[in-house]
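Student: I would like to go through the helix packing and the empty spaces of this model, asking each time how a label follows from a value. Could we start with the classes used for lining residues?

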Amino acid sequence: MNTFLIIFTALIILFTIIPLVRNDYWTFRIFDYPRLQKLTLSVICMVLILFYYDGPAMEYATILSIISLNIIYLLYHILPFTPLAKKQMLTVKRTDKANTIDIVIANVYQENRNAKGCITEIKKADPDIVLLIETDNFWADATLQLKETYPYNKLVPLENTYGMILYSKLELKNTEVKYMVEDDIPSIHTKVLLKSGEEIQLYALHPTPPVPNENMQSTERDKELLLAADLCKKSKFPVIVMGDLNDVAWSYTTKLFLKMSGMLDPRIGRGFFNTFHAQYPFMRFPLDHTFASPHFKFACMKRLNNCGSDHFPIYVSLQLDKGAQFEQHGEKPDSDDIAEANEKKQKST
């Protein structure tokens, strides 16, 4: 038992340390994801040590101290995504429907054929904007009925699991499909006219994940996020970035994106809102995101019912508030952040 506990402790520490290596290869980046899982395993390990380790006192004290420090380190990074932390995005105090935008993001899973269930969930949520991801021609055809309620739309069906469909009740302007990094990975860039007449900028993204069957490195994903950060920073309009970003909310890349863009994460101070994997409760991460510039305040966020996909749909409601940018601010990058971001953007893909 003692040997098992020493090996168990060593593996957990290794899994915690690996993401600290700034390498784009998937074997390093994939360990960014299971932070909650690592915390759970660390707590289990500590309990087992307390009750079952009967080796020398010095050894006992050493491994107990190591696993305890690991728990503290993981808690430090996880607590910002709990109600115990300060909220990064302020909550609205008075509802202004004319300046509110309700969004549903749903990675439908291309091979899933439960379009009826997905449409039912969308109708129940009744958002202003619907972003469907992993949409092939089947999904483009199966969701055409949404055009009755969502007259403004952009359909980019693809058979490579990176198709994207945007439906909107609100008027879309200057809508473009761009391939920011890879020729077969689209993003949708559009202006949205709120009911009040105010214009906002919307970026819908779905970069590739760093996993062997998709992409061996995170280079392309990181580059797309940081190029989007530049667009956010330069925009003259309030901005929303949304989509399945194939990155967790606490990763170094996501934090770098937020610093470089000046955007806010509504999850911070509220909860994880894990969206993937829908079928495996222990292996869930927040992969589907909505980030907003400081012009917006938070109204609501909730996970919707799964409709046969490996992702849960997520609903987010934000409100444009002209005074918000003076009440809340995103993080600012330091010189190291700027250098790191520039290096990532210049990497060849």
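Tutor: Ala, Val, Leu, Ile, Met, Phe, Trp, Tyr, Cys and Pro count as nonpolar, Asp, Glu, Lys and Arg as charged, and the others, Gly among them, as polar. Please keep in mind that this is a predicted model.

Student: What makes the lining of the largest cavity six nonpolar, four polar and no charged residues?

Tutor: The lining consists of Ala106, Asn107, Val108, Asn112, Cys118, Cys307, Ser309, His311, Phe312 and Pro313. Asn, Ser and His are outside both the nonpolar and the charged lists, so they count as polar, and the lining therefore divides into six nonpolar, four polar and no charged residues. The space in this cavity is about 50 Å³, and the structure holds two cavities of 30 Å³ or more.

Student: How do you know which class each residue around the second largest cavity has, and which elements supply them?

Tutor: Val104, Ala106, Cys118, Glu121, Ile122, Leu304, Cys307 and Pro313 form the lining of that cavity, whose volume is about 30 Å³. Two or more of the lining residues come from each of β1 (100-107) and α5 (115-125), and α5 gives the largest share, three residues. Because Glu is on the charged list, Glu121 belongs to that class, and the division is seven nonpolar, no polar and one charged.

Student: Why are α3 and α4 called roughly antiparallel?

Tutor: Helix α3 (residues 35-52) packs against helix α4 (residues 57-78) at an angle of about 155°, and their axes lie 9 Å apart. Angles over 145 degrees count as roughly antiparallel, and the pair therefore receives that label. Their crossing is left-handed.

Student: Which residues make the contact of α3 with α4, and how do they divide by class?

Tutor: On the α3 side the contact includes Leu36, Leu39, Val43, Met46, Ile49 and Leu50, and on the α4 side Ile63, Leu64, Ile67, Ile71, Leu74 and Leu75 are among those met. The contact as a whole has 15 nonpolar, four polar and two charged residues. Arg35 and Lys38 of α3 take part in it, and they count as charged because Arg and Lys are on that list.

Student: What makes α1 and α3 roughly antiparallel or roughly parallel?

Tutor: Helix α1 (residues 2-17) and α3 pack at an angle of about 155°, with 10 Å between their axes. With the cut-off at 145 degrees, α1 is therefore roughly antiparallel to α3. The crossing of α1 and α3 is left-handed. Among the residues that meet are Phe4, Leu5, Phe8, Ile12 and Phe15 in α1, and Leu41, Cys45, Leu48, Ile49 and Tyr52 in α3. By class, this contact has 10 nonpolar, four polar and one charged residues.

Student: What is the volume of each of the two largest pockets, and which classes line them?

Tutor: The largest pocket holds about 430 Å³ of space, and of its 21 lining residues Pro209, Val211, Glu214, Phe276 and Asp310 lie nearest its centre. Its lining divides into nine nonpolar, seven polar and five charged residues. The second largest pocket has a volume of about 340 Å³. Its lining has 24 residues, with Pro19, Leu20, Arg22, Arg29 and Tyr252 closest to the centre, and α3, α4, α8 (252-261) and α10 (335-346) each give two or more of them. Here the classes are six nonpolar, six polar and 12 charged.

How values were computed
Residues numbered from 1 in each chain as written. Predicted model: local features only at pLDDT ≥ 70, side-chain atom pairs only at ≥ 80, totals over all residues. Heavy atoms only, no water. 1 Å grid on protein atoms, 1.4 Å probe; cavity = no way out; pocket = protein on both sides within 12 Å on 5 of 7 lines; lining within 4 Å. Points joined across faces, edges and corners; volume = space filled by probe spheres on them. Helix = DSSP H or I, 4+ residues; strand = E, 2+ residues; numbered from the N terminus. Axes fitted to C-alpha atoms, helices over the stretch in contact; angles between N-to-C directions. Parallel < 35°, antiparallel > 145°, perpendicular 65-115°, else oblique. Left-handed = near helix turned anticlockwise from the far one by under 90°. Contact = heavy atoms within 4.5 Å.
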